[in-house]
Amino acid sequence: MRKFKSPWYYWHTGHKVIALSSLTLSTLILWAVLGVSAGFSPWGILLALLLDAAGFWLALLYLLLLRPYVPAFSGLQEHVDALIIYQFAVPMLLGFLLNRASSFLVARLSGYRFN
């Protein structure tokens, strides 16, 4: 599991080609899977790729702090929940897994030596 690093790990350790290549690969795959076939928002896909693990914390922040203030009596809370799950949480989860897998694949193909 230690081999599945974030693209930002490669960016900060000076392997910028690996980071950019893995983000490009993740973007293409995520766009094909979520954007074209499932009709997801491009903003959700972009956030999923750029925020990576921070998306989990943002979804938790919404659940714990913001959700109680959305009025449930008008049906608005159900719409906001669906929006958060469909346009934010699902792309974040898939983006997290896809980022790690594509980073591993690109690093391995480019000859990166794992410790």
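The charged end of lysine 16 is placed over the ring of tryptophan 11, at 4.3 Å from the centre of that ring. A second lysine, lysine 5, lies over the face of tyrosine 9, 4.8 Å from the ring centre. The model described here is predicted. Aromatic residues recur in this briefing: the structure holds five aromatic pairs, and one aromatic cluster is formed by Phe4, Tyr9, Tyr10, Phe104, Tyr112 and Phe114.

**Aromatic pair of phenylalanine 4 and phenylalanine 104**

- Phenylalanine 4 and phenylalanine 104 form a tilted aromatic pair, with 4.8 Å from centre to centre and 40° between the planes.
- This pair links distant parts of the chain, as its two members are 100 residues apart.
- Phenylalanine 4 belongs to the segment before helix H1 (7-12), whereas phenylalanine 104 belongs to helix H5 (residues 76-109).
- Phenylalanine 4 has a relative accessible area of 36% and is therefore partly exposed.
- Phenylalanine 104 has a relative accessible area of 16%, so this residue counts as buried, the limit for that class being under 20%.

**Tyrosine 10**

- Tyrosine 10, a member of the aromatic cluster, is found in helix H1.
- Its relative accessible area is 0%, and tyrosine 10 is therefore buried.
- Apart from neighbours within four places in sequence, tyrosine 10 is in contact with Lys3, Lys5, His15, Lys16, Ile18, Ala19, Ser103, Ala107, Tyr112 and Phe114.
- Among these contacts are Lys5 and Lys16; lysine 5 is the residue over the face of tyrosine 9, and lysine 16 is the one with its charged end over tryptophan 11.
- The contacts also include Tyr112 and Phe114, both of which belong to the aromatic cluster.
- Alanine 107, another of the contacts, is 97 residues from tyrosine 10 along the chain, and the C-alpha atoms of the two are separated by 8.7 Å.

**Serine 26**

- Serine 26 has its place in helix H2 (residues 16-37).
- With 0% relative accessibility, serine 26 counts as buried.
- When neighbours within four places in sequence are left aside, the contacts of serine 26 are Leu49, Leu98, Asn99 and Ser102.

**Nonpolar surface patch**

- A nonpolar patch on the surface is formed by Leu58, Leu61, Leu63, Leu64, Leu65 and Leu66.
- Together, the residues of this patch have about 560 Å² of accessible area.
- One of them, leucine 65, is located in helix H4 (residues 54-66).
- The relative accessibility of leucine 65 is 49%, so leucine 65 counts as partly exposed.

Notes. Residues are numbered from 1 along each chain as its sequence is written. This is a predicted model: local features need pLDDT of at least 70, side-chain atom pairs count only at pLDDT 80 or more; totals for chains, interfaces and linings use all residues. Side-chain values use heavy atoms; hydrogens and water are left out. Rings of Phe, Tyr and Trp (its six-membered ring) pair if their centres lie within 6.5 Å; planes under 30 degrees apart count as stacked, over 60 as edge-to-face and the rest as tilted. Helices (H or I, at least four residues) and strands (E, at least two) are DSSP runs, numbered from the N terminus. Buried means under 20% relative accessible area, exposed over 50%, partly exposed in between (1.4 Å probe, protein chains only). A charge sits over a ring if NZ of Lys or CZ of Arg is within 6 Å of the ring centre and within 35 degrees of the ring normal. Contact means heavy atoms within 4.5 Å. Patches are made of residues with over 30% relative accessible area and no salt bridge: like charges are joined within 9 Å, nonpolar side chains (Val, Leu, Ile, Met, Phe, Trp, Tyr) within 5 Å. Accessible areas come from the Shrake-Rupley method with a 1.4 Å probe; for residues, only the protein chains shown count as cover. A salt bridge is a side-chain nitrogen of Lys or Arg within 4 Å of a carboxyl oxygen of Asp or Glu.
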